Amino acid sequence: MNRVLCKLWVRTSELVDSVLAVVLHRHRPLGHVRRWRHPPVYRPLVDLSTMEERHVIISYRLDRATIQELCTQLEPDLMSAIRHPTGIPPQVQVLSVLNFLASGSFQTTVAIASGMSQPLFSNVLSRVLSALLKHMRSYIVFPQVDDLPTVKGDFYAPGHIPNIIGAIDGTHVALPPPPPQE
């Protein structure tokens with residue numbers, strides 16, 4: 001008997017919701033009931049201040065001071081993307097993107113670890129990379145042709161490796177030689 005009453009009550013409440021929706025919002029179809037959306041609540045999963053420095057470097061390939069400087073520099077670009085007070089803080093946006101770039105993992109994996117959905121992380125990734133591109137010239141510097149002998153000498157001195165003009169995070173990158181001077 002209780003099951004029958006429960007089913008009857010559920011169907012009655014659905015009928016009342018549909019009737020109210022039609023009465024209050026005549027432009028909506030009969031079967032459409034307006035659901036009130038609550039803004040998503042974001043709960044940060046990572047706190048940079050509580051992590052050990054070694055773990056910060058392993059996770060993000062940068063030290064804590066550099067990450068904080070980067071967050072400060074990118075904050076104006078990332079704050080404009082926050083539409084409501086429960087938006088993702090700029091520091092969390094930067095940390096999740098740095099973790100994605102450092103790990104080489106999939107967006108879904110990093111998004112779950114950062115406490116957001118994959119589509120949201122995709123938007124965050126796009127915003128942070130766009131903000132980074134605006135400041136790229138202050139972080140990435142290529143040697144000029146006139147500086148190449150000095151740079152080669154600086155790399156040759158500690159390890160006796162010839163013809164090296166730059167290094168990226170300890171990764172070997174093959175670069176074509178500069179064009180010959182005329």
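This report walks through the helices of a predicted model, two of their packing contacts and a few individual residues.

## Overall make-up

Let us start with the whole chain. The protein chain contains seven helices and zero strands, and its pattern along the sequence reads α-α-α-α-α-α-α. Of the 182 residues in the protein chain, 21% are buried.

Two further totals help to set the scene. Among the contacts in the protein chain with a separation of 6 or more, 48% are between residues 24 or more positions apart. The accessible surface of the protein chain is about 14,000 Å², and carbon and sulfur atoms account for 61% of that surface.

## Helix 5 against helix 6

Helix 5 spans residues 107-114 and helix 6 spans residues 118-134. Where they pack, their axes lie 9 Å apart and the angle is about 95°. Angles of 65 to 115 degrees count as roughly perpendicular, so helix 5 and helix 6 are roughly perpendicular to each other. On the helix 5 side the contact is made by Gln107, Thr108, Val110 and Ala111, while helix 6 brings Gln118, Phe121, Ser122 and Leu125. Sorted by type, the residues of this contact of helix 5 with helix 6 are four nonpolar, four polar and no charged.

## Helix 4 against helix 5

Helix 5 also packs with helix 4, which covers residues 90-103. Here the angle is about 140°, with the axes 10 Å apart. That angle makes helix 4 oblique to helix 5, since roughly antiparallel would call for a value over 145. The crossing of helix 4 and helix 5 is right-handed.

Which residues in helix 4 and helix 5 meet? From helix 4 come Ser96, Asn99, Phe100 and Ser103, and from helix 5 come Gln107, Val110 and Ser114. The residues of the contact of helix 4 with helix 5 divide into two nonpolar, five polar and no charged.

## Gln107, a residue in both contacts

Gln107 deserves a visit of its own. This residue of helix 5 takes part in the contact with helix 6 and also in the one with helix 4. Setting aside neighbours within four places in sequence, Gln107 is in contact with Phe100, Gln118, Phe121, Ser122 and Leu125. One of these partners, Ser122, is 15 residues away from Gln107 along the chain, and the two C-alpha atoms are separated by 7.1 Å.

Is Gln107 buried or partly exposed? Its relative accessibility is 22%, and buried means under 20%, so Gln107 counts as partly exposed.

## Ser126 in helix 6

A little further along the chain, Ser126 sits in helix 6. Its relative accessible area of 44% makes Ser126 partly exposed. If you would like a pair to look at in the viewer, try Ser126 and Val97: they are 29 residues apart in sequence, and their C-alpha atoms are 9.2 Å apart in space.

## Two residues with positive phi

Backbone angles offer another pair of places to look. Most residues other than glycine have a negative phi. Arg61 is not a glycine, yet its phi is positive, at about 65°. Arg61 lies in the loop between helix 2 (53-60) and helix 3 (64-79). With a relative accessible area of 45%, Arg61 is partly exposed.

His160 likewise has a positive phi in a residue other than glycine, with a value near 55°. Where is the place of His160? His160 is found in the segment after helix 7. The relative accessible area of His160 is 55%, and exposed means over 50%, so His160 counts as exposed.

## Ile161 after helix 7

To finish, Ile161 belongs to the segment after helix 7, a helix that runs over 148-159. Ile161 has a relative accessibility of 44% and therefore counts as partly exposed. Leaving out residues up to four places away in sequence, Ile161 touches Phe155 and Tyr156.

Definitions and conventions
Residues are numbered from 1 along each chain as its sequence is written. This is a predicted model: local features need pLDDT of at least 70, side-chain atom pairs count only at pLDDT 80 or more; totals for chains, interfaces and linings use all residues. Side-chain values use heavy atoms; hydrogens and water are left out. Helices (H or I, at least four residues) and strands (E, at least two) are DSSP runs, numbered from the N terminus. Buried means under 20% relative accessible area, exposed over 50%, partly exposed in between (1.4 Å probe, protein chains only). Contact means heavy atoms within 4.5 Å. Axes are lines fitted to C-alpha atoms, for helices over the stretch in contact, and angles run from 0 to 180 degrees between N-to-C directions. Angles under 35 degrees count as roughly parallel, over 145 as roughly antiparallel, 65 to 115 as roughly perpendicular and the rest as oblique. Ala, Val, Leu, Ile, Met, Phe, Trp, Tyr, Cys and Pro count as nonpolar, Asp, Glu, Lys and Arg as charged, and the others, Gly among them, as polar. A crossing is left-handed if the near helix is turned anticlockwise from the far one by less than a right angle, and right-handed if clockwise. Accessible areas come from the Shrake-Rupley method with a 1.4 Å probe; for residues, only the protein chains shown count as cover.
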